[in-house]
Amino acid sequence: MTTLIHKIKIAALICGISSVALSAFADDAANSSAGSKVTKIEIKDFMFNPQKITVKSGDKITWTNKDEEPHTVVSVGKKFQKSSALDTDQEYSITAGAPGTYEYFCSVHPKMTGTIVVEK
Ligand SMILES: [Cu+2]
């Protein structure tokens, strides 16, 4: 009986340690990956907000759909991979590639457009 309790305590301890280690690792990865950061774009009221962003090559760009309608992120000229139809609160991310100006739109509502400027 004591052995069982002892084992549970050890298991709990190991779990605690590994989750601390994991979160430390995640923080590390987010902070250290060569200064790259995440730029968030909210999709709300049939608009991409901000409508134009400037990022550095290697930065992550994440769209979140805050509308009740499905939206997509589609690159003009297929410069980056398009998203699937995003449900409410669903996210889509890409990593900014070569420097340049990238236009995109929502294929469900083509009047919704946005611009990404990628700098070196
Ligand atoms: Cu849309």
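From the N terminus on, the elements of the protein follow the order α-β-β-β-β-β-β-β-β. In this predicted model, the secondary structure therefore amounts to one helix and eight strands, as assigned from DSSP runs. Of the 120 residues in the protein, 17% are buried. Among the contacts with a separation of 6 or more, 48% link residues that lie 24 or more positions apart.

An open sheet is formed by four strands, arranged in the order S3-S8-S7-S5, and its pairing is mixed. Strand S3 (52–56) and strand S5 (74–75) occupy the edges of this sheet; each has a single partner strand, so one side of each is left without a neighbour in the sheet. Within the order given, S8 and S7 stand between S3 and S5. Strand S7 comprises residues 100–105 and strand S8 residues 113–119; the two run antiparallel and are joined by six bridges. In this pairing, Tyr102 of S7 is placed opposite Ile116 in S8.

Further pairing involves strand S1 (residues 38–44). With strand S4 (residues 60–65), S1 pairs in the parallel sense, over six bridges. Lys40 has Thr62 in S4 as its bridge partner. With strand S2 (residues 47–49), S1 pairs in the antiparallel sense, here over three bridges. Lys44 is found opposite Met47 in S2. S1 and S2 together make a hairpin, in which two residues lie between the strands. One residue in the turn, Asp45, has a positive phi of about 50°. Strand S1 is thus described by two pairings, parallel with S4 and antiparallel with S2. In general, strands of a sheet pair through backbone hydrogen bonds, in either the parallel or the antiparallel sense.

Outside the strands, Lys78 was examined in the loop between S5 and strand S6 (91–95). Lys78 has 8 other C-beta atoms within 10 Å, and because a residue with 12 or fewer is classed as exposed, Lys78 is exposed. The loop residue Lys78 and Tyr102 are 24 residues apart along the chain, and their C-alpha atoms are separated by 9.6 Å. Tyr102 is the residue that stands opposite Ile116 in S8, whereas the loop that holds Lys78 follows on from the edge strand S5 and leads to S6.

Methods. Residues are numbered from 1 along each chain as its sequence is written. This is a predicted model: local features need pLDDT of at least 70, side-chain atom pairs count only at pLDDT 80 or more; totals for chains, interfaces and linings use all residues. Two strands pair if DSSP finds at least two bridges between them. A residue is buried if 20 or more other C-beta atoms lie within 10 Å of its own, exposed if 12 or fewer, and partly exposed in between; C-beta atoms are placed from the backbone. Two residues are in contact if their C-beta atoms, placed from the backbone, lie within 7 Å.
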